[in-house]
Every structure is written in C-alpha cells, then in structure tokens.
Amino acid sequence: MIDLSSAIKFVPKTQTVNQDRFYYTNDACFIKEDTNIERGLYEAKILKFLTNNDFIYSPKYIGSHIDHDKKVHRLVMEKLSGETLENLVLSDSDKRRIAGELFCLYGKLIGVNISHGDINESNLLFNVNTKELKLIDFEKASYCKSITDHSNDLSGPPWGIIHLLRTRLL
Ligand SMILES: Nc1ncnc2c1ncn2[C@@H]1O[C@H](COP(=O)(O)OP(=O)(O)O)[C@@H](O)[C@H]1O
Ligand SMILES: [Mg+2]
C-alpha cells in the first residue's frame, strides 16, 4: 500500500485533459484531481467499493484526499498500463479477446450491483502484452438495488457494450 501523503508529494503533473480535472502519475499510482470535490468524493466511494468487492476490472483504490488550500479532491488509484481503446489499432485476435473480456467485466459489474453509466472506448484500457482489459472513470456510476433498476447499463441491453461490439470489435 502506498502512503497517500508521500504519493501526492512526489508525483509530477503530467497532463491536463479537462479544465476542471488534472492527472498526476508516477510509477506506482495515478491521481485524478477534481475541482468538483463532491464529484471526486463520489467517484472515490465507488472505486473503493469495487476494490473492496474484489472487482478485478478497475484500478485498485488507494486513497481519497481533500486539499482544502487548493480546494480540490484527489483520488489516488493503482496506475494501469495500457491504452484506451480509442487509441489502439486492434488485431482480430485482440478484438475477440476484448469482446469476451467485456462480457466477463459486465457480468462482474452486475454481480456487485454497480452500473458504470459511461462504458465507451475512452473509458476502457487494454494492455496488448498482458491482454488485460480495465474499466476506468466511475464518476457517472451508480448503485443498483437489482438488475431491473432503471440505469443505462444494467436495465435492458447494455448499449455502450453493444455499440463497441458493432463499431470496433465484430
Ligand atoms: N488508473 C489509471 N492508470 C493509468 N491511466 C489512467 C488511469 N485512470 C485514468 N487514466 C488515464 O487518464 C485519462 C482520463 O481518465 P478518466 O478517469 O477517464 O477521466 P475523465 O473523467 O476526464 O474522462 C484516461 O483516458 C486514461 O488515459
Ligand atoms: Mg473518461
């Protein structure tokens, strides 16, 4: 387990993707900093829940921290290797592999009663060496009491996954 305060102290800022979110990384961890503290806390809560429930398809939760001086929330998580699907040119065998993994991932999400809410190729990381597929970005996720709860990826067809299969994988 990485000590949260030292992790935050030593990671350099690497990139700015959105105006209100910043991303820091070092070899061990990845930090998502959010100026919307409530949103950051919510994402941290979901990621912690998934980690505690042995969901293997997301980065492991490491810590959650509010910086009151800078008025930001920092979510510290395991650093993943791999590229988002949107940035990969996939071989046919990797496409088949990802399609299979997507259904395992989806089944496990149902098993822990979480709806991701934003499954798309920018939120899936694939490692072409290890063939591991990981789901990230849980800020739109929600808890579901049952599979029939109204939510966009647990009730009815999982549209995000179907769209990926049709446009990228099959
Ligand atoms: N745990 C992680 N390890 C490595 N890279 C990550 C991790 N989480 C996110 N990223 C990178 O940061 C980018 C933005 O992360 P994401 O959680 O999707 O934020 P946003 O809410 O801005 O879409 C991703 O596309 C990915 O490249
Ligand atoms: Mg995202």
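Which residue of strand 3 does R21 stand opposite? The legends below describe a predicted model, and the pairing that settles this point is in the second view.

**View 1. Overall fold of the predicted protein chain.** The protein chain contains four helices and 10 strands. Read from the N terminus, the elements follow the order α-β-β-β-α-β-β-β-α-β-β-β-β-α. The protein chain has 170 residues, and 27% of them count as buried. Among its contacts with a separation of 6 or more, 63% are between residues 24 or more positions apart.

**View 2. Strand 3 with strand 2 and strand 5.** R21 stands opposite D34 in strand 3. Strand 2 (21-25) and strand 3 (29-34) are antiparallel and share five bridges. The connection from strand 2 to strand 3 is a hairpin through three residues. Strand 3 also pairs with strand 5, again in the antiparallel sense, over six bridges. In that pairing K32 stands opposite L75 of strand 5.

**View 3. The two faces of strand 3.** In a regular strand, side chains alternate between the two faces of the sheet. On one side of strand 3 are C29, I31 and E33, and on the other are F30, K32 and D34; all are buried, so both faces are covered. Because six of the six residues of strand 3 are buried, the strand is largely enclosed by the rest of the structure. K32, which faces L75 across the pairing with strand 5, and D34, which faces R21 of strand 2, both belong to this buried set.

**View 4. The shell around ligand 1.** Ligand 1 has 17 residues around it, of which F30, P59, L80, I136 and D137 come nearest. By class, seven residues of the shell are nonpolar, four are polar and six are charged. Strand 1 (13-18), strand 2, strand 3 and strand 5 (72-78) each contribute at least two residues to the shell. Domain 1 (4-78) and domain 2 (83-169) each provide at least three. F30, one of the nearest residues, is also one of the buried residues of strand 3.

**View 5. Two lysines with positive phi.** K71 is not a glycine, yet its phi is positive, at about 55°. The residue is in the loop between strand 4 (61-67) and strand 5. K71 counts as exposed because 10 other C-beta atoms lie within 10 Å, and the limit for this class is 12 or fewer. K131, likewise not a glycine, has a positive phi of about 65°. The loop that holds K131 runs between strand 8 (124-126) and strand 9 (133-135). With 13 other C-beta atoms within 10 Å, K131 is partly exposed.

**View 6. The open sheet of strands 6, 8 and 9.** Three strands make up an open sheet in the order 6-8-9, with antiparallel pairing. Strand 6 (83-84) and strand 9 are at the edges and have a single partner strand each, so one side of each has no neighbour in the sheet. Strand 6 and strand 8 are joined by two bridges in the antiparallel sense. E83 stands opposite F126 of strand 8.

**View 7. Buried and exposed sides of helix 4.** Helix 4 spans residues 159-169, and its buried residues are G160, I161 and L164. Seen down the helix axis, these buried residues fall within an arc of 95°, so they line one face of helix 4. An α-helix has 3.6 residues a turn, so residues three or four places apart point the same way. The buried residues of helix 4 pack against helix 3 (92-111). On the face turned away from the buried side are the exposed residues W159, I162, R166 and T167.

**View 8. Surroundings of L164.** L164 is in helix 4, where it is one of the buried residues. The residue counts as buried because it has 20 C-beta neighbours inside 10 Å, and the class begins at 20. Leaving aside residues up to four places away in sequence, L164 touches L102, E121 and L169. L85 is 79 residues from L164 along the chain, and their C-alpha atoms are separated by 9.6 Å.

Note on methods: Residues are numbered from 1 along each chain as its sequence is written. Chains are lettered from A and ligands numbered from 1 in the order in which they are written. This is a predicted model: local features need pLDDT of at least 70, side-chain atom pairs count only at pLDDT 80 or more; totals for chains, interfaces and linings use all residues. Two residues are in contact if their C-beta atoms, placed from the backbone, lie within 7 Å. A residue is near a molecule or strand if its C-beta atom, placed from the backbone, lies within 6 Å of it. Ala, Val, Leu, Ile, Met, Phe, Trp, Tyr, Cys and Pro count as nonpolar, Asp, Glu, Lys and Arg as charged, and the others, Gly among them, as polar. Domain bounds come from an automatic or database domain assignment. Two strands pair if DSSP finds at least two bridges between them. The arc is that of the directions from the helix axis to the C-beta atoms.
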